[in-house]
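Trainee: Got a minute? I'd like to go through this one with you.
Mentor: Sure, put it up.

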Amino acid sequence: MDEIDALKALTAEPSPESAAAGRALLLAEARGAAPVSARRRFPIPKFALFTGAGLALAGATAAVAVLVSSGTATPRAPGGPGGAPDGGGFMQVAAKADLLPSGRFWHTDEVSGTIYVQRPASGASYTIFGAQTEAFHYTSAKPDGGEGFFSRELPARPATPQDEAAWKRAGSPRSFRVWSNDHYFTYSATRTTPWTDDSAGERGGAFPGPSGSGDPSGGRRPAMTAAQVAALPTDPDALAKIFFVDDPKARYAPGTGRLTPARKLSVAGRALKNMPLPPKVRAGLMRALAKQSGIQTVKGVADPLGRKGVALAAEPETITRTAEYGAPAQEQGTYTERRELLFNPDTGELLATLTVLVRPGGPYAALKPGAVIDYFSVRSSGWTQAKPKPPAGLPF
Amino acid sequence: MTAPPAVDDDAGIVAASLAEPERFTGVYDRHHAAVYRYVHGRLGPQAADDVAAETFLTAFRRRADFDPARGALRAWLFGIATRLVAQHRRTEERRYRALARLGPDRPHGGHEDRVAAAVDAGLVKPELAAALRGLSAKERDVVLLVALADLTHEEVAAALGIPYGTVGSRLNRARRKLRAALDSPEGT
């Protein structure tokens, strides 16, 4: 007997019970799965960056190519340009979300910021991202598994390489005075705070439910257990009936109570970030959003962390800032923006929620269409087996 | 099996499962026993149930990545199984250590180890199990894919993503070490 034959004695046949159990697991997984396409690189079209050599300032690119830049809302057919059955390529992205794994903890690590225009007494104006914050949140799937909230402040910084050049010409100021939330505030270009642990002994296992109203205050968001979340349907139409419900009592659209496309986008974005949706529910919700009227697919979008992907964009909305709350003259005026959800085309994961300038005006008169005016970028998100911890490294 | 006669080869079943996920059970029906035997050989009965099942779940989730041009499905499955086995290094180590201890004069390991090893008692020479512990992880992957899974050199190369020539050299090295253990006076 040679050594190869001798090793065969280590093997054994599976018991019928073991073989049947494994097959049942596979069948359950397969029954819940959506069809997929054979793997190929999702084609990201070459596009002209509005900001030129955006990668020079690592991670600071606020470059967005707006393929559909008309401010006049021209609702496309549901699902994307031309109403193609695959949602203009988006359905491929949604299919990738089917393949994401599950685990014991759901976490989201999110970096956010808002653009502010700096107008030096002499020299060109430039824009910065201020109010930059990183927030880390996790929730266990089970009630006794815990929940954690952590946050830290990140430095303000010029928004694009061009802005960085103008900032240097202005003497590289280390702080920025901005008009924010109806008052002046100063952001530092150097200040980073340590992580603050805001966890208050939550037991975990409770998650925000679907918010039909899209109420930013979160008032109508009854908690759901992981089991209830897991029991959500996977069918896009059934999910639309749960998530995109008009609310006659809603305040945000006086007289109509109708969920605008931008509100639907926000509702879906919040659910994708904060609810432990099983992969097939996530994919179903992405498909449901893509099918809504006033939502279209946009390719070649990037977030302020420099990550490119495919976005779902809501039809633009026009904002007018008045002097009512004391805004100085240069902060008043009218501009058009739209909300976008940016997805990683390779994995289907949500990368960012963006507000993008469509028609410059008012406080953003000096900016170009496509500029990101505020962002919530998901630095990492998803299921883990181990209890997640906030990262030590800075995002930029 | 639910696969209709029109699709009766591995690549065809995987292709069909892209649009009809349940068709992937055809892959399970064809290959589960072989994958189980291999995993059992490396990790023992307790871990084999889970790891063999996990191999097919992983393969199913990645089925869109399977490229028939890069090798047979069998090799791809055993590549997945081997990567999962690698996540259970301690289990594998414990198994060989326990097998190596079996014998009249050898001290037994803990209760758990004894139970796991008892299944194979008398089948595998303790010296061989001890020699397996002396192989590098890379040598073990190659020699056990050949011995336990009956993979050809080409299939091993595809499964592990290593050059064909490397399979031969690692296999020769591993076999020499194992043969030396079997030929030792104690092992006869």
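Trainee: Which residues touch the most other members of the largest nonpolar core?
Mentor: Keep in mind that this is a predicted model. The residues are Ala268(A), Leu285(A), Leu289(A), Ala311(A) and Leu312(A), in a core of 68 residues.

Trainee: What does Leu285(A) touch, not counting residues up to four places away in sequence?
Mentor: Leu239(A), Phe243(A), Ala268(A), Ala271(A), Leu272(A) and Leu277(A).

Trainee: And what lies apart from that core?
Mentor: Another core, of 59 residues. Phe24(B), Tyr38(B), Ala159(B) and Ala174(B) are among them.

Trainee: Switching to helix 4 of chain B. Which of its residues are buried?
Mentor: Arg74(B), Ala75(B), Trp76(B), Leu77(B), Phe78(B), Gly79(B), Ala81(B), Thr82(B) and Val85(B).

Trainee: What covers them?
Mentor: The cover includes helix 2 (25–43), helix 3 (45–61), helix 5 (89–101), helix 8 (137–149) and helix 9 (153–160) of chain B.

Trainee: What span should helix 4 of chain B have, and how far apart are its end C-alpha atoms?
Mentor: It has 14 residues, 73–86, so at 1.5 Å a residue it should span 20 Å. The end C-alpha atoms are 20 Å apart, which agrees.

Trainee: Now the contact between the chains. How many residues does each chain give?
Mentor: Chain A gives 29 residues and chain B gives 36 residues.

Trainee: Which elements give two or more residues on the chain A side?
Mentor: Helix 1 (3–8) and helix 2 (16–32) of chain A. Helix 2 of chain A has the largest share, 11 residues.

Trainee: How does that side divide into nonpolar, polar and charged?
Mentor: On chain A, 18 are nonpolar, 4 polar and 7 charged.

How values were computed:
Residues numbered from 1 in each chain as written. Chains lettered and ligands numbered in written order. Predicted model: local features only at pLDDT ≥ 70, side-chain atom pairs only at ≥ 80, totals over all residues. Contact = placed C-beta atoms within 7 Å. Helix = DSSP H or I, 4+ residues; strand = E, 2+ residues; numbered from the N terminus. Nonpolar A, V, L, I, M, F, W, Y, C, P; charged D, E, K, R; others polar. Core = buried A, V, L, I, M, F, W, Y, C linked by C-beta atoms within 7 Å. Buried ≥ 20, exposed ≤ 12 C-beta atoms within 10 Å, placed from the backbone. Expected span 1.5 Å × (residues − 1).
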